[in-house]
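Me: I'd like a close look at one part of this model. Could you walk me through it in plain terms?

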Amino acid sequence: MATETLSIGKALNTGLRRALEQDSKVVVMGEDVGKLGGVFRVTDGLQKDFGDQRVIDTPLAESGIIGTAVGLAIRGYRPVCEIQFDGFVYPAYDQIVSQVAKMHYRSRGKLNIPMVIRIPFGGGIGAVEHHSESPEAYFSHTAGLKVVSCASPQDAYVMIQQAIASDDPVVFLEPKRRYWEKGPVELDAPLSEAYPLHAARVVRPGTDVTVLAYGPMVRTCLDAATAAAEDGRELEVVDLRTLSPLDLAPVYESVRRTGRCVVVHEAPGNLGLGAEIAARVTEECFYSLESPVLRVTGYDIPYPAARVEEEYLPDLDRVLDGVDRTFGW
């Protein structure tokens, strides 16, 4: 089986290329995705190889991108839309929640909307205003949308293909600060045998505390687990991978063993994914918990300017502090 070491960005590029090769109805569209290859070069080389009718440079109009993709999806295509930065998605929010998420229901199942909305999200790159956001809760709250986030090159390669193959609309969140991180990718594994798209996964076994994360925070939590091990604490890190629907069965199983749970995400804590997860874990695992479910999140403010961004983002020390607090009860 062929295995290559790829960055997350290159793994996404390779997955998109594979999808374009295997299905002529797949089209990639967005601002600068063609000639430039995307602002993060995720679509680099695709227009050259597949032409400008399948890898389409669109006007700078997110609502137009999504509206056009809805029409294509209804006509049997599988559009993959790139929203260049997370903060640019809001002009398309009306189309996403009013049309993309509801067409299947409004048509009583007669219309599928098989489209993927790729969004580089999160901070950590020192960007300017509107270029670092965490909008996942908006979309996870919206019935009719599937929301996923990759955290490794292997998942990036497989999950983007699974999302494109899905008959449901998928918001695909890509951790922009991790685009350049590398790891092994199995290129020849059949998609039918891959780990399911909407399933969480334990990425580091442990016995003392369950730490939950997704997207860019998975690496932060793995680093925290390595540091905690030096002090004799074994953290079990679970990559949620799917935010809607949430797959919490592996989480419940883990928490019943460890008795403690910390949820980590970059987005503000108020009404974030962590609050929903904490509520469900408490309901299901109440008699197993040795302490309340704690959250380590961004603050309830807009992403700050680049110079103070690191003060906002949850880091290794804040995760370890959350772990420490679970032992104070």
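Which residues in α3 meet which residues in α4?

Reply: A quick word on the model before the details. It is predicted, so to speak of local features pLDDT must be at least 70, side-chain atom pairs count only at pLDDT 80 or more, and totals for chains, interfaces and linings use all residues. Residues are numbered from 1 along each chain as its sequence is written, and side-chain values use heavy atoms, with hydrogens and water left out.

Now your helix pair. On the α3 side you have Ser63, Ile66, Gly67 and Val70, and they meet Gln95, Ile96, Gln99 and Val100 in α4. Contact here means heavy atoms within 4.5 Å. By class, this contact has four nonpolar, four polar and no charged residues. The classes go like this: Ala, Val, Leu, Ile, Met, Phe, Trp, Tyr, Cys and Pro are nonpolar, Asp, Glu, Lys and Arg are charged, and the others, Gly among them, are polar.

As for the geometry, α3 covers residues 62-74 and α4 residues 93-100, and their axes come within 8 Å and cross at roughly 25°. Axes are lines fitted to C-alpha atoms, for helices over the stretch in contact, and angles run from 0 to 180 degrees between N-to-C directions. The two helices are therefore roughly parallel to each other, a label for angles under 35 degrees (over 145 is roughly antiparallel, 65 to 115 roughly perpendicular, the rest oblique). Helices (H or I, at least four residues) and strands (E, at least two) are DSSP runs, numbered from the N terminus.

The sheet comes next. Seven strands form an open sheet in the order β3-β2-β4-β5-β7-β6-β12, with mixed pairing; two strands pair if DSSP finds at least two bridges between them. β3 (55-57) and β12 stand at the edges with a single partner strand each, so one side of each has no neighbour in the sheet. On average, neighbouring strands of this sheet are turned by 20° against each other, direction ignored. Back to your helix: α3 packs on the sheet, touching β2, β4 (78-82) and β5 (116-121), and its direction makes about 170° with that of β4.

Another helix, α7 (residues 153-165), lies across β2, β4, β5, β6 and β7 (170-175), running at about 165° to β7. Over at the β12 edge, β6 (residues 146-149) and β12 pair in the antiparallel sense over two bridges, and Val148 stands opposite Thr242 in β12. Just along the chain, the peptide bond from Ser244 to Pro245 is cis, with omega near 5°, and Pro245 sits in the loop between β12 (242-244) and α9 (249-258).
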